[in-house]
Amino acid sequence: MVYINGGIVQSKPTEKPKKKTDYEIAMEHLISKKGGTAAEYEDLMNRIAFHETGSEQRMMPDAVQIITNEKGEKVKGGVGRGLFQFEAGEKAGGITAVNRTYREYIDNNLTPPEFLEEAYKQKSLDASKLTAEQQKILFIGNYLQHPKANLKDWREGKVTTPQFWGQFHHAGGASTNYDAFNESQKAYDKQ
């Protein structure tokens, strides 16, 4: 029992501490290595996902890259998948993100989440089959193990968000043409 101001108040039974989600663990790990806040990294991920998913599939975790087929019709059929349009296929961006994330967990004595253990056994990844949080875990791990990208440089303003997207995330090589990205960011800021 707990006594407050002379009165008796029944104490609540002790609640078990809430188990952290895989995403919370990944975010805490990122912050411990690069500093900053979850809100900062969430903003970066949301901005990139907003652009990558496009206006037709805005922020949908199951997004599939829209391409123009031989009839001139826009169809879901490209290799980009999920919020960040990680490319599906052997040696493509999706499985690279898996491999880097898995390595980040192992290198830092963290237990990989079950979905990551399963994805690591594969030769390709269709990110559109993962939850939004699982895709964000891959984003975090991918950039913690990326050979050139440094999230601390982004956080400290040494690399802008368009530069981070263009130099390290844009498929097909580094891009310095940020026009489309900047246009999507204007829409993002208006929401």
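In what order do the elements of the chain run from the N terminus on? They run β-β-α-α-β-β-β-α-α-α-α-α-α.

## Overall make-up

This is a predicted model. The chain has eight helices and five strands. Two strands open the order of elements, two helices follow, then three strands, and the run ends in helices.

Of the 191 residues in the chain, 41% are buried. Among contacts with a separation of 6 or more, 52% join residues that are 24 or more positions apart. The exposed area of the chain is about 11300 Å², and 49% of that area is supplied by carbon and sulfur atoms.

## The sheet

Strands β3, β4 and β5 form an open sheet in the order β3-β4-β5, with antiparallel pairing. Because β3 and β5 stand at the edges and each has a single partner strand, one side of each is left without a neighbour in the sheet. In general, strands of a sheet pair through backbone hydrogen bonds, in either a parallel or an antiparallel sense.

Two bridges connect β4 and β5, again in the antiparallel sense. Within this part of the model, G80 stands opposite E87 of β5.

## The largest pocket

The largest pocket has a volume of about 740 Å³. Its lining consists of 34 residues, and those nearest the centre are E52, Q85, H169, H170 and A171. Both helices and strands contribute: the elements that give two or more residues to the lining are α2 (38-53), β3 (64-68), β4 (74-81), β5 (86-87), α3 (93-107), α5 (132-144) and α7 (161-169).

Strand β3 provides the largest share of the lining, with five residues. This strand is also one of the two edge strands of the sheet. Sorted by class, the lining of the largest pocket holds 17 polar, twelve nonpolar and five charged residues.

## F115 and its surroundings

F115 belongs to helix α4, which covers residues 114-120. Is this residue, F115, buried or exposed? F115 counts as buried because its relative accessibility is 13%, and the cut-off for buried is under 20%.

Apart from neighbours within four places in sequence, F115 is in contact with L130, Q134, I137 and L138. T131 lies 16 residues from F115 along the chain, and the C-alpha atoms of the two are separated by 9.9 Å.

Key. Residues are numbered from 1 along each chain as its sequence is written. This is a predicted model: local features need pLDDT of at least 70, side-chain atom pairs count only at pLDDT 80 or more; totals for chains, interfaces and linings use all residues. Side-chain values use heavy atoms; hydrogens and water are left out. Helices (H or I, at least four residues) and strands (E, at least two) are DSSP runs, numbered from the N terminus. Buried means under 20% relative accessible area, exposed over 50%, partly exposed in between (1.4 Å probe, protein chains only). Contact means heavy atoms within 4.5 Å. On a 1 Å grid over the protein atoms alone, a cavity is a set of points where a 1.4 Å probe fits but cannot get out, and a pocket is an open set with protein on both sides within 12 Å along at least five of seven lines; lining residues have an atom within 4 Å of a point. Grid points are joined across faces, edges and corners, and a volume is the space filled by probe spheres set on the points. Ala, Val, Leu, Ile, Met, Phe, Trp, Tyr, Cys and Pro count as nonpolar, Asp, Glu, Lys and Arg as charged, and the others, Gly among them, as polar. Accessible areas come from the Shrake-Rupley method with a 1.4 Å probe; for residues, only the protein chains shown count as cover. Two strands pair if DSSP finds at least two bridges between them.
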